[in-house]
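Subject: Structure for your files, with notes

Hello,

The structure we spoke about is below. Please look through it alongside the notes that come after it.

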Amino acid sequence: MKQVKIALILVNMFDGEHHDAMQPILFALIDELTPPGVSLSFFDERIKPLPEVIDAELIALSVDTFSAARAYALSKRFRAEGKTVVMGGIHPSSAPQEALEQADAIVIGEAEDTWPKLVDDYRRGVLRAIYRSHEPPLSSFDPNHPALRSGYLPLGIMETSRGCPHRCDFCSVKVLYPQTVRRKPLAMVEQEIKANPHRWLFFVDDNLYSDQTYFLGLIRLLRKYRKRWAAQVSLEITNDAQMLRMAKRSGAILLLIGLESLADESLRQMGKRQNRQADLRQRVRRVQDHGILVYGTFVFGYAGDTPQSVKQVFDFGMELGLSVLNFNPLQPMPGTPLYDRLLAQGRLSGDQWWLDPKYRYGALAFEPASSGAEALSQAIARARRDFYSPSNTFKRWLRQAQPLRPSLCLIHCLLSHVSRREITRKQDRSFR
Ligand code: SF4
């Protein structure tokens, strides 16, 4: 079979380095899945500009919605050089027709059951236009892979599952993983934990707390290997003080929780049933009472959300001393029920707003019902800037539920510092 050189590029949405780039485990996974006889090279634009010349005949671009404009420009350049371009990731999976116009082939969904076939077809000269994944079992990857070693936050990235049992209407998770949640066997996860050189792990699972029994098995492993860890979980974990106690004993340092809104009506509109009627103050305190930091996320743009709602969330985050609070404009990502609804109502600022040179990062891409898009976007930008000022970072630390260990103070301050730098770098920039 023909020998080929393939370059895999993680496309950046803007020029310039990210200060918070996490290990791109996709690189190690693709290496694992690539058939023999292929020379692979990896480029992560988030941490280093691309070289002038890339010595590869097949270019694979990993693309999300915010990096689509840049990916299409790169594709044009590489195709003009006579290279073949394939695209995968959340954006080609959500907007396949659009991506197909810009590439020789696209992958819809995951790599495990598409990438080996795509490479094989390319080598035989029979590349198809679309490779569609059918929710394959998850593969393991080498956490010591050389492409994961430098330029990233000093965290070992782990993935135990894909998918989420919930159906929030703004979320892209169901676009990629429409059926059930799939998990790696715990024996496989144990091997990955054992092999991971980092003491601190971050789980990129969409929702690490989607199955209680599996979660308990996982935290037993984490305790055994004396790891420190952080993860994204749904609010249900806060129902159970015993679970939080065990999570803490297993090394939990931070939980990222989609709190989303203080208004029950907004939670209803977004289909976030698990958060409705919950006393969010009490839930956050319960996590903090166990010595775990909270990273909360909120969205603004549902009917009823106004600049005042942003201010209320700001005050909520300050009062509770949240270590990180994402003030997210509600973004209609392609493929989501939210996007389809706003498109049908003619309320989007553009059907492909992510390609609009006038669109600026941080702005709303549609007209909200109860507030002007501009006024709400500005309130979000202001809250983002003020929340991470050094004095507010200090105040938030003092308002944590209990005195915490110095190492957690360091994490709280570091997270605030990195968030501040990234907001300053990204806010109001247009995608290139
Ligand atoms: S709980 Fe989180 S991951 Fe699950 S559907 Fe809702 S927003 Fe998406």
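The notes below go from the domains to the two sheets and then to one helix.

Please bear in mind that this is a predicted model.

Domains

The protein is split into domain 1, residues 4–132, and domain 2, residues 154–426. Their C-alpha centres are 28 Å apart. Where they touch, 17 residues come from domain 1 and 18 residues from domain 2. On the domain 1 side of this contact, α2 (68–80) and α3 (90–94) each supply at least two residues. The largest contribution to that side is made by α3, with three residues.

The sheet from β1 to β6

Six strands form an open sheet in the order β2-β1-β3-β4-β5-β6, and the pairing is parallel. Its edges are β2 (38–44) and β6 (130–132), each of which pairs on one side only. Between neighbouring strands of this sheet the average turn is 20 degrees, with direction ignored. Strand β1 (residues 4–10) runs parallel to β2 and is joined to β2 by seven bridges. To find the register of this pair, start from A7, whose bridge partner in β2 is S41.

The sheet from β7 to β14

A further open sheet of six strands, again with parallel pairing, has the order β7-β10-β11-β12-β13-β14. Here the edge strands are β7 (156–158) and β14, each with pairing on one side only. Neighbouring strands of this sheet are turned by 20 degrees against each other on average, direction ignored.

Strand β13 has β12 on one side and β14 on the other in this order. Six bridges join β12 (residues 252–260) to β13, and these two strands run parallel. Within that pairing, L254 has L293 of β13 as its bridge partner, and E260 has F298 of β13. Six bridges also join β13 to β14, again in parallel; one bridge there pairs T297 with N326 of β14. Of the eight residues of β13, six are buried, so the strand is largely enclosed by the rest of the structure.

Two helices are placed against this part of the sheet. Helix α12 packs on the sheet and touches β13 and β14, its direction making about 175 degrees with that of β13. Helix α14 lies across β13 and β14 and runs at about 165 degrees to β14.

Helix α12

Helix α12 covers residues 307–320, and its 14 residues should span 20 Å at 1.5 Å a residue; the end C-alpha atoms are 20 Å apart, so the two values agree.

Which residues of α12 are buried? They are S309, V310, V313, F314, G317 and L320. These residues lie on the same side of α12, because they cover an arc of only 145 degrees around the axis. On the other side of the helix, Q308 and D315 are exposed. The buried residues of α12 pack against α11 (280–289), β13 (293–300), β14 (324–329) and α14 (373–387). After the helix comes G321, which has a positive phi near 70 degrees.

If you open the model at one place, I would suggest α12, where the buried residues pack against β13 and β14 of the sheet and against α11 and α14.

Regards

Terms used. Residues are numbered from 1 along each chain as its sequence is written. This is a predicted model: local features need pLDDT of at least 70, side-chain atom pairs count only at pLDDT 80 or more; totals for chains, interfaces and linings use all residues. Two strands pair if DSSP finds at least two bridges between them. Helices (H or I, at least four residues) and strands (E, at least two) are DSSP runs, numbered from the N terminus. Axes are lines fitted to C-alpha atoms, for helices over the stretch in contact, and angles run from 0 to 180 degrees between N-to-C directions. The expected span of a helix is 1.5 Å times one less than its number of residues. A residue is buried if 20 or more other C-beta atoms lie within 10 Å of its own, exposed if 12 or fewer, and partly exposed in between; C-beta atoms are placed from the backbone. The arc is that of the directions from the helix axis to the C-beta atoms. Two residues are in contact if their C-beta atoms, placed from the backbone, lie within 7 Å. Domain bounds come from an automatic or database domain assignment.
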